[in-house]
Amino acid sequence: MNSNQNNLKKLYIKTYGCQMNVEDSHRMTDIMRPHGYQITEEPDHADIVILNTCHIREKATEKVYSELGMIRDFKQQNKPNMVIGVAGCVGQAEGDAIFKRAPYVDIVVGPQAYGNLPDMVHQVVRNGAKHLLSLDFKAEAKFDALPEESMPQGASAFLTVQEGCDKFCTFCVVPYTRGAEFSRPVEHVYREALKLASQGAKEITLLGQNVTAYHGASDQGEQSLAKLITMITKIEGIERIRYTTSHPKDMTNDLIELHGIEPKLMPYLHLPVQSGSDRILKLMNRKHSRDLYLQIIDKFRKARSDMAFSSDFIVGFPGETDQDFEDTMDLIRQVQFTQCYSFKYSTRPGTPAAMQENQIPEEVKSERLRRLQQLLLLQQQEFNNACVGKILPVLLEKKGKYETQAVGKTPYMQPVHVVGGEKLINTLQNIRLTEVTANSLKGELV
């Protein structure tokens, strides 16, 4: 081992929440690497521990403080010089309140201020500084400061194209923690997509808090998400393109039509609706109706008959009646989703919904969630069962749990285990789906 390797310090990042947080963790790794920090998977080995946090639900926030308590105990007993940082949306939302509740935390940095991280770490390590806070709120400055991702992500890669949200749903903290909508310039996105392809990426997922609102600047004027996708499809080596997360209000006809003519654009869409009740959608400030959502689904299926959909649902929103909940169940039956995320409503401080008086009792929320998840699981099982016997292209991405096993995903995001495919990892293969298991499918090479 050479002297440079001996001098490397260890950085551990634990990521909570959405795929954009995962991408931000990659960026923090890249920005710290030139300063002598190497990523480690073991927090016990780390010189710096950073929790990259999510503030969407109350339980997620409390989980962060619980984790911080365990890190504090380890630091006191084993590594008194360990630097502890809180990044992400909890950092942005709670700011210096974190230092009051967890005074052993050294650094708090918001999701738009990661470019300041090396200097903050330097101030703590070299100068003994305490309680450093950086909550800059300009997404454009963030992307200017961060290096392009240097470490290959593998066959399936993520690329942030848009940040922030202007919708201000009454239950959501994203506009307060991520800021206003910002679209990265087309040239910057395209250049990064080229680099990902050169590193072996065959599938790229374009990320944004509201990715369908993308309107990136270019020499030819602002470009829509559909135009951006069309450009990326022409990059050699890119065989699949996805995008997430979308908002129904910003779903454009050119994007819908593109699904019908561009084979590289996957026939799968995550389109959050949250509720099937117009009354609740209005209280949520979702800016779309139940009928508009169903019309969008219908347009997609007319453009491409094999489209499949996933969504997000919140049950027990303040004021939700039994009929409102039944309206949601009815929408689910009409759409027939392949997989979904569903949660009980939880109050987030500072959001309008948290101040409403007609909160739903916890036992009512729990029962509604049980019924909703039961229906969603049934739809997911029916979709998976209908795929048995079909031959689908599967991107094999990694080794499976057992020897000679590879794991990949279908165009519909279904995980598939294949025996004998370990030599074909990072390739796209035609797989005959043979069996449905609890959390995945089994398949065989054709």
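This passage describes aromatic contacts and a strand barrel in a predicted model.

The model holds 6 aromatic pairs. One of these is formed by Phe300 and Phe309, whose ring centres are 6.0 Å apart and whose planes meet at 70°, an edge-to-face arrangement. Phe300 and Phe309 are both buried. A further pair consists of Phe313 and Phe337, with 5.6 Å between the ring centres. The planes of Phe313 and Phe337 lie at 80°, and planes over 60 degrees apart count as edge-to-face, so this pair is edge-to-face as well. The contact links distant parts of the chain, since the two residues are 24 residues apart. Phe313 belongs to strand S15 (residues 308-315), whereas Phe337 lies in the loop between helix H14 (322-335) and strand S16 (339-344). Both Phe313 and Phe337 are buried.

Aromatic residues also take part in other arrangements. Phe171, Phe317 and Tyr345 form one aromatic cluster. At Tyr65, the ring is accompanied by a charge: the charged end of Arg101 sits over this ring, 3.8 Å from its centre.

With regard to strands, a closed barrel is built from 5 strands in the order S17-S18-S19-S21-S20, and its pairing is mixed. On average, neighbouring strands of this sheet are turned by 50° against each other when direction is ignored. In general, strands of a sheet pair through backbone hydrogen bonds, in either a parallel or an antiparallel manner. Strand S19 (residues 415-419) and strand S21 (residues 441-445) run parallel and are joined by 3 bridges. Across from His417 stands Lys442 in S21.

Methods:
Residues are numbered from 1 along each chain as its sequence is written. This is a predicted model: local features need pLDDT of at least 70, side-chain atom pairs count only at pLDDT 80 or more; totals for chains, interfaces and linings use all residues. Side-chain values use heavy atoms; hydrogens and water are left out. Rings of Phe, Tyr and Trp (its six-membered ring) pair if their centres lie within 6.5 Å; planes under 30 degrees apart count as stacked, over 60 as edge-to-face and the rest as tilted. Buried means under 20% relative accessible area, exposed over 50%, partly exposed in between (1.4 Å probe, protein chains only). Helices (H or I, at least four residues) and strands (E, at least two) are DSSP runs, numbered from the N terminus. A charge sits over a ring if NZ of Lys or CZ of Arg is within 6 Å of the ring centre and within 35 degrees of the ring normal. Two strands pair if DSSP finds at least two bridges between them. Axes are lines fitted to C-alpha atoms, for helices over the stretch in contact, and angles run from 0 to 180 degrees between N-to-C directions.
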